[in-house]
Amino acid sequence: MPIADPPQLKAGQPCTSAEYNKRWRDIWDNGLEAGKFFDASKASAALLALLDKGIDVHGKRILVPGCGRGYDVAVLASRGAVAIGMDLSESAVRAAEQYKAGIHLGAQAANACFVQGDFFEYQDSEGPFDLGYDYTFLCALHPSMRAGWATAWARLLRPGGELVTLMFPLPPAPGAGDSGGAEAGGAPAPEQEPPWPLTPQLYRDLLLANEFKELSVEAVPPEQSHPGREGREMLGRWQRL
């Protein structure tokens with residue numbers, strides 16, 4: 001069976017969350033292969049660099065929504081975190097479990113967990129998380145879901161906890177030659193399809209209004225981006241107040 005395309009829906013086009021979510025589930029149910037569409041086949045080098053130089057996750061409980069095959073979850077668990085990857089799709093969760101079994105995490109394998117669930121409704125039995133990692137998740141959500149994204153993160157992280165957002169897709173760096181669907185001034189264009197274009201200011205507008213403060217927002221060096229994403233990513237760190 002051919003793999004379905006990502007949800008084809010304009011920003012102003014009405015759609016229930018159930019209808020929108022089903023389109024993503026269909027991609028996985030139809031057999032998404034590693035390295036195809038939005039599956040980058042490995043964790044981002046930007047995450048690895050952050051773990052090497054900027055943040056200690058050992059012993060922390062971390063939530064990774066929209067985890068897909070779980071590349072990021074496995075990396076976080078290998079650094080001593082208890083990492084929970086969540087995805088809407090049961091097929092994605094099975095693929096993540098298969099990926100974990102194939103990379104031999106050893107003693108850290110038990111720290112990489114995967115659950116099928118809805119980010120907007122999820123409640124963890126152990127309470128709020130110490131850290132959240134959000135990469136290609138906000139851009140996959142329909143724009144009408146963005147306010148709920150921010151309030152959900154505020155609920156899911158403990159006071160003093162941190163949200164790490166690897167922002168993509170942003171307007172390309174000056175001189176890159178691709179408008180990227182962004183309007184003048186860097187605002188997301190209103191008539192796009194996922195991955196929905198984003199801006200750092202959009203993150204600020206959403207998070208600062210929902211009990212977060214900005215710690216840092218920095219450009220991702222091109223060599224730390226997946227191919228095709230160079231110049232269109234920034235790394236944001238936000239503290240839950």
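Start your tour by selecting A95, a buried residue with a relative accessible area of 10%. Because buried means under 20% relative accessible area, A95 falls on the buried side of that cut-off. You are looking at a predicted model, so keep that in mind at each stop. A95 lies in helix α4. Now add G70 to your selection: the C-alpha atoms of A95 and G70 are separated by 8.2 Å, although their positions lie 25 residues apart along the chain.

**Stop 1: from α4 to its strands**

Select residues 90-103 to show the whole of α4, then add β2 and β3; together they make a right-handed β-α-β unit. Colour strand β2, residues 82-87, and check how covered it is: five of its six residues are buried. On one side, look for strand β3 at residues 112-116, which pairs with β2 in the parallel sense over five bridges. To see one matching position, pick I84, which stands opposite C113 in β3.

Next, bring in strand β1, residues 61-65. β1 and β2 also pair in the parallel sense, over five bridges. Here, select I62 and look across to A83, its bridge partner in β2. Add helix α3, residues 71-78, and you have another right-handed β-α-β unit, made of β1, α3 and β2.

**Stop 2: the aromatic rings**

Before leaving β1, show the side chain of R61 together with F129. The charged end of R61 sits over the F129 ring, 4.4 Å from its centre.

How many aromatic pairs does the structure hold? There are six. For one of them, select F119 and F137: their rings meet edge-to-face, with 5.1 Å from centre to centre and 75 degrees between the planes. This pair links distant parts of the chain, 18 residues apart, with F119 in the loop between β3 and β4 and F137 in the loop between β4 and α5. Are these two residues buried or exposed? Both F119 and F137 are buried. Now add F120 and W153 to the selection, and you will see a cluster of F119, F120, F137 and W153 linked by ring pairs.

**Stop 3: strand β5 and its neighbours**

Select residues 157-167 to highlight strand β5, which is mostly covered, with eight of its 11 residues buried. β5 pairs with β4 in the parallel sense over six bridges. Zoom in on D134, which stands opposite T165 in β5. Trace the chain from β4 through α5 to β5, and you follow a right-handed β-α-β crossover.

Now find strand β7 at residues 234-240. Six bridges join β7 to β5, and these two strands run antiparallel. A good place to look is E162, which stands opposite Q239 in β7.

For another charge over a ring, show R229 and F168: R229 lies over the face of F168, at 4.8 Å from the ring centre.

**Stop 4: the buried face of α6**

Finish with helix α6, residues 200-208. Which of its residues are buried? Select P200, L202, Y203, L206 and L207. Turn the view so that you look down the axis of α6: these buried residues fall within an arc of 155 degrees, so they line one face of the helix. To see what that face meets, show α5, β5, β6 and β7, against which the buried residues of α6 pack.

Conventions: Residues numbered from 1 in each chain as written. Predicted model: local features only at pLDDT ≥ 70, side-chain atom pairs only at ≥ 80, totals over all residues. Heavy atoms only, no water. Buried < 20%, exposed > 50% of the residue type's maximum accessible area, 1.4 Å probe, protein only. Helix = DSSP H or I, 4+ residues; strand = E, 2+ residues; numbered from the N terminus. Pairing = 2+ DSSP bridges. Right-handed = clockwise from strand over helix to strand, strands pointing away. Phe/Tyr/Trp six-rings, centres within 6.5 Å; stacked < 30°, edge-to-face > 60°. Lys NZ or Arg CZ within 6 Å of the ring centre and 35° of its normal. Arc of directions from axis to C-beta. Contact = heavy atoms within 4.5 Å.
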